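These are my notebook entries on a structure that I looked up piece by piece. I begin with the aromatic rings and then turn to single residues.

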Amino acid sequence: MTILLISLALLVGGYCIYGLLVEKVFGIDPKRLTPARSRTDGVDYVELPTWKVFLIQFLNIAGLGPIFGAIMGVMFGPMAFIWIVFGSIFGGAVHDFISAMMSLRSGGDSLPELVGRELGPVVKQAMRFISIVLLVLVGAVFVLTPAGLLDNMTPALLSTNFWIVVIFLYYILATLLPIDKLIGRFYPIFGFVLLFMAVGLLGVMLFGDVAIPDGFSYGLYSRHSAADTHPIFPMMFVSIACGAVSGFHATQSPMMARCLKNEKLARPVFYGAMIAEGLVALIWAAAAIAFTGGYGELSEYMAAHNGAGDLVADISVGWLGTFGGVLAILGVVAAPITTGDTALRSARLIAADVLHIDQSKLMRRLMVSLPLFAIAFGLMCIDFNILWRYFAWTNQLLAAFTLWAATVYLARHRRLYIVTLIPALFMTMVVVSYILVAPSPEGFGLPEPTALYAGAAADGICLLLFARYEVLRRSGRLIHEVSY
């Protein structure tokens, strides 16, 4: 219990202290017009109340990520708690805040355009491809999960395929309608439910007869049942993405940056939403081992049941009663749907930016969206587990690119770029070593030392390229045409 309380306090303190430092490093301007006011179009650029922007951002970046990801990640042992806390404060929240501020300063541009300005046209094209692939993957993955759950909860007449069609039709509406018509009205409710459920579980752990066998006194070694093929580094750092560092978040931040009233609200909304997600992940990680009785028991439970979904339902009903069960069902069904549709909406915005197609007219939005819907629908024919594995790695690859772009941006503006440089180096090593060490067919299945050396080499190359950029910039031989 002590570890949980310390971890919660560190997250809150991180927001108050380090979040303020990062805000000062970037240099907000409360007098500057935000895109919601300078480019209002009634569809994507719509000024929304700050509390709505926060809850929508929180729900967009969270979904089931800080629940399922935390449960899968804590199977590696107590190191998961450390990663959630420090990953959120120094990595994820910085990543989300800086990418959102870059979008605010560029008129609400999407992530590939922001990264391309800083890292060059080749990277821009790669980012366009990676971002759209990631977002369409999210859309496909988060149709299958709730459709299967709804199939199990409804009469046999309503099959999984029926629910896939229903959810997909909803996705089309959420992608095409003005953001204040559907997302702005209902998503704050679901965001509140996700937070409320986490607070309820925390209350049970704090005031109920619950022991949390965190295992710190026995060391930080891996508790994973397949530790030989799943080393803590880098496997756990990809398993726990939402709840620590996630590249998907940077695709969502520009969507909410187009709805923000004032730059002074960016830290509470973007840095704050990531810290809130870290709190949720921390609570669910603790709940998973407290409910099952330990790391070994958690592994046995996962092997004997239908994944994290069953555990979420059992914890909610067991600790929160019937009301908790209703919340669990609502969360487990609604959360992935609300993540999937905003992913496809972000894919539309990115594609529209690439093609320079104005989105104020419905037919133009439909023209951009139809190919994305078709690809997402086709991806659903692929095995879910394969989709999820490649989503997880692509997600963290996007985070590494975003952090490098943020580092170049801060350096170009003569800001303290170390706040993004260190997480950029860390995430680069994670994604390179992960794809090399992960078992086939997901990765290459190389020995762990080989993968780590390759990751370190990748860090060295990136650091040399950045150092060369800095030398050229400071000498005046590098002319950057971008202005914000």
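**Entry 1: Aromatic pairs**

I looked up Tyr-18 first and noted that this residue is buried, because its relative accessibility is 17% and the cut-off for buried is under 20%. I must record at once that the model is a predicted one.

I then asked how many aromatic pairs the structure holds. The count is 21 aromatic pairs. In one of them, the ring centres of Tyr-18 and Phe-90 are 4.6 Å apart and the planes stand at 65 degrees, so I entered this pair as edge-to-face. The angle decides the label, because planes over 60 degrees apart count as edge-to-face. Tyr-18 belongs to helix H2 (residues 18–26) and Phe-90 to helix H6 (residues 79–105), so the pair ties together parts 72 residues apart in sequence. Phe-90 has a relative accessibility of 37% and therefore counts as partly exposed.

Next I looked up the pair of Phe-26 and Tyr-409, which is stacked, with 5.4 Å from centre to centre and 10 degrees between the planes. Here Phe-26 lies in helix H2 and Tyr-409 in helix H17, and the pair links parts of the chain that are 383 residues apart. I checked both partners for burial: Phe-26 is buried at 3% relative accessibility, and Tyr-409 is buried with a relative accessible area of 2%.

I also noted a cluster, in which ring pairs link Phe-168, Tyr-170, Tyr-171, Phe-373 and Phe-377.

**Entry 2: Charges over rings**

I looked up where the charged end of Arg-223 sits. It sits over the ring of Tyr-221, at 3.8 Å from the ring centre. For Arg-267, I found the charged end over the ring of Tyr-15, at 4.8 Å from the centre.

**Entry 3: Arg-258**

I located Arg-258 in the loop between helix H12 (248–257) and helix H13 (266–292). Is Arg-258 buried or exposed? I recorded Arg-258 as buried, because its relative accessibility is 3%.

I then looked up what the side chain of Arg-258 reaches, and found the backbone oxygen of Gly-108 at 2.7 Å. Apart from neighbours within four places in sequence, the residues in contact with Arg-258 include Pro-35, Ala-36, Asp-44, Asp-109 and Asp-353. I also compared two positions along the chain: Arg-258 and Glu-47 are 211 residues apart in sequence, yet their C-alpha atoms are 7.5 Å apart in space.

**Entry 4: Asn-395**

I found Asn-395 in helix H17, which covers residues 384–412. Asn-395 is buried, as its relative accessible area is 1%. Its side chain joins that of Ser-246 in a polar contact of 3.1 Å, and the side chain of Asn-395 also reaches the backbone nitrogen of Gly-247 at 3.1 Å. Leaving out neighbours within four places in sequence, I listed the contacts of Asn-395 as Leu-134, Ala-241, Ser-246, Gly-247 and Phe-248.

**Entry 5: Cysteines**

I asked how many disulfides the structure holds. The entry reads zero disulfides. I looked up two cysteines for their exposure. Cys-259 is buried, with a relative accessible area of 0%, whereas Cys-462 is partly exposed, with a relative accessible area of 23%.

Notes: Residues are numbered from 1 along each chain as its sequence is written. This is a predicted model: local features need pLDDT of at least 70, side-chain atom pairs count only at pLDDT 80 or more; totals for chains, interfaces and linings use all residues. Side-chain values use heavy atoms; hydrogens and water are left out. Helices (H or I, at least four residues) and strands (E, at least two) are DSSP runs, numbered from the N terminus. Buried means under 20% relative accessible area, exposed over 50%, partly exposed in between (1.4 Å probe, protein chains only). Contact means heavy atoms within 4.5 Å. A polar contact is a pair of N or O atoms within 3.5 Å; within protein, one must be able to donate a hydrogen and the other to accept it, and residues adjacent in sequence count only if both atoms are side-chain atoms. A disulfide is a pair of cysteine sulfur atoms within 2.5 Å. Rings of Phe, Tyr and Trp (its six-membered ring) pair if their centres lie within 6.5 Å; planes under 30 degrees apart count as stacked, over 60 as edge-to-face and the rest as tilted. A charge sits over a ring if NZ of Lys or CZ of Arg is within 6 Å of the ring centre and within 35 degrees of the ring normal.
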